[in-house]
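Student: I would like a close look at a single part of this structure. Please take me through one helix and its surroundings.

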Amino acid sequence: MTQLAAVPPREPRTGRSAAAWNVAKVRADFPILSREVRGRPLVYLDNAATAQKPRAVIEAITRYYESGNANVHRGVHALSQEATDAYERVRELAARFFNVSQGEIVFTAGTTAALNLVAQSYGGTVLRPGDEILVSEMEHHSNLVPWQLVAERTGASVLTIPVSDEGALDLAGFERLLGPRTRIVAVTHASNVLGAINPINAIAAMAHERGAVVVVDGAQSAPHLRVDLRAIDCDFFACSGHKLYGPTGIGLLFGKRALLEQMPPWQGGGGMIAEVRMDRSTYAPPPERFEAGTPPIAEVVGLGAAIEYVLGWDWEALVGYEQNLVAEAVQRLEKVPGLRILGEGADRVSVLSVVLDGIHPHDAGTVLDSLGIAVRAGHHCAQPLMRRFGVPGTLRASFGAYTTLAEIEALVAGLGEVAKVFAR
Amino acid sequence: MTQRGSGEAGSELDELYQSLILDHNRAPRNFRPLENANRHAEGRNPLCGDVYEIWLRLDGDVIAEATFQGQGCAISKASASMMTQAVKGRTVAEARALFDRFHELVIGAGSQGSGVGASTPLPAKLEVFRGVSAFPIRVKCATLSWHAMKAALDGKTE
């Protein structure tokens, strides 16, 4: 852990100093950051659960409802055309943000919906009894349970890619699991508990050699890394708008075009068809094939505003800033008596899980809450990983573009208060 | 008390983590399986992962013994510990009434009791859980073992 500052992550990283990131300027864009909680300034360190929203996003949603609201892909009227243009423009923006084609971006309700879509539509089509799905032990339940469901339906089995004591994916173990029956490899880009960044390039190369596809949960990487999906070469990638400074209720699925083309619809309804007869229907090409029903248009517009907003950032500076923040946090937290950081994190996004000797994470979380510090306590929808590390839960602090060193110091001081309460 | 924050939040926190609660958390009472139990239930909060098992031995209509085991936060563990003490020696109807009184206490409601309930006040020391009402998100922690106790009474037999 002490090496963290010296070990550069594998993702593109800046050589520039963290000072290149103007955190005060960014904070001014987020109205909620000026509020108080329990009589103290809010210290928001729960960004892995959801990020706060900049004014640009909030205003875009309001503007849409005040002057642009109509259904998309339906009406002949001007307003509907405007809404459709706005909606499709966001697809274009998202494609640009992730360096893929517009036709490879499917809007979904979020990461969970996107992963279920892949599992049911792709998995449900290709999996045969005896086929294998490799899922890592550090997955969020949303990249595990959908695979269990489809495995049960198809007779495939789910095999576990182990996690090392250091909190990294065991690549040698992964290689041993890869076999002729491996069809799908489901892995997170960055752990929502450990922050560990997984080497998707290497995983994808190994999986592709065996003819398996790679499904990546990008919920925690998209907000912290400048993710280039062509470069990491995964087959599917899911993420949520609300962790990327956008609204809730909207996320996306990237799928390689050739794979999306061969997938059947997930849900049926309006907007996803080519022609409907009483006895049978034909379906629209992707991405519309997977967007049945009226989509969350305002949320898509809000997501577009979020992507535009973050595209305005100097990402090299941001990644350098966050890496510096997490290194500083590790240094300070390691000095807290009775505290253990989960995972060695030589390579991680700014997400940290800690456990405290003899103090349950919920109790620590409540004490921190009383000080206006918002952290997450619990199993973080990653029960297998909790079991792997033999803990009932952890206390998780997760940072973002507006997190300051002063907030990390407040967290460390708060943990001192936690110790005092439970030393009585 | 400690020199923690002197503001509102600090005093709410002192209310929540009273020394009796910390004591029961550190040294839970009746913390063991009960071999000759005739009622058993598990209480699980899937959102946070807290899990407790409750064992009761009913002697006719009276709860002769109550024990528990499991893991969770200080609030849930202390609550389970003190629940086992509170229901021991009570009739089933009294234990159910205590459940209602305790629930009212932690959600900060006034007593809605009538019938048996009204004549079954909470043991005074359970008043230490009144502080939970300032932290609504922790109500489930405080009531987890109580729900399990009720489920055990509702007939989950081992």
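Tutor: Here is a close look at one helix of chain A. This is a predicted model: local features need pLDDT of at least 70, side-chain atom pairs count only at pLDDT 80 or more, and totals for chains, interfaces and linings use all residues. Residues are numbered from 1 along each chain as its sequence is written, while chains are lettered from A and ligands numbered from 1 in the order in which they are written.

Our part is helix H7 of chain A, residues 200-209. Helices (H or I, at least four residues) and strands (E, at least two) are DSSP runs, numbered from the N terminus. Start with the buried residues of H7(A): Ile200(A), Ile203(A), Ala204(A) and Ala207(A). They span an arc of only 95 degrees around the axis, so they sit on the same side of H7(A). The arc is that of the directions from the helix axis to the C-beta atoms. An α-helix has 3.6 residues a turn, so residues three or four places apart point the same way.

Now turn to the face away from the buried side. There H7(A) carries the exposed residues Ala205(A) and Glu209(A). A residue is buried if 20 or more other C-beta atoms lie within 10 Å of its own, exposed if 12 or fewer, and partly exposed in between; C-beta atoms are placed from the backbone.

What do the buried residues of H7(A) pack against? In chain A, their partners are helix H6 (171-177), strand E7 (182-188), strand E8 (213-217) and helix H8 (229-232). Contact here means C-beta atoms, placed from the backbone, within 7 Å. Finally, look just after H7(A): Gly211(A) has a positive phi of about 80 degrees.

Terms used
Contact = placed C-beta atoms within 7 Å.
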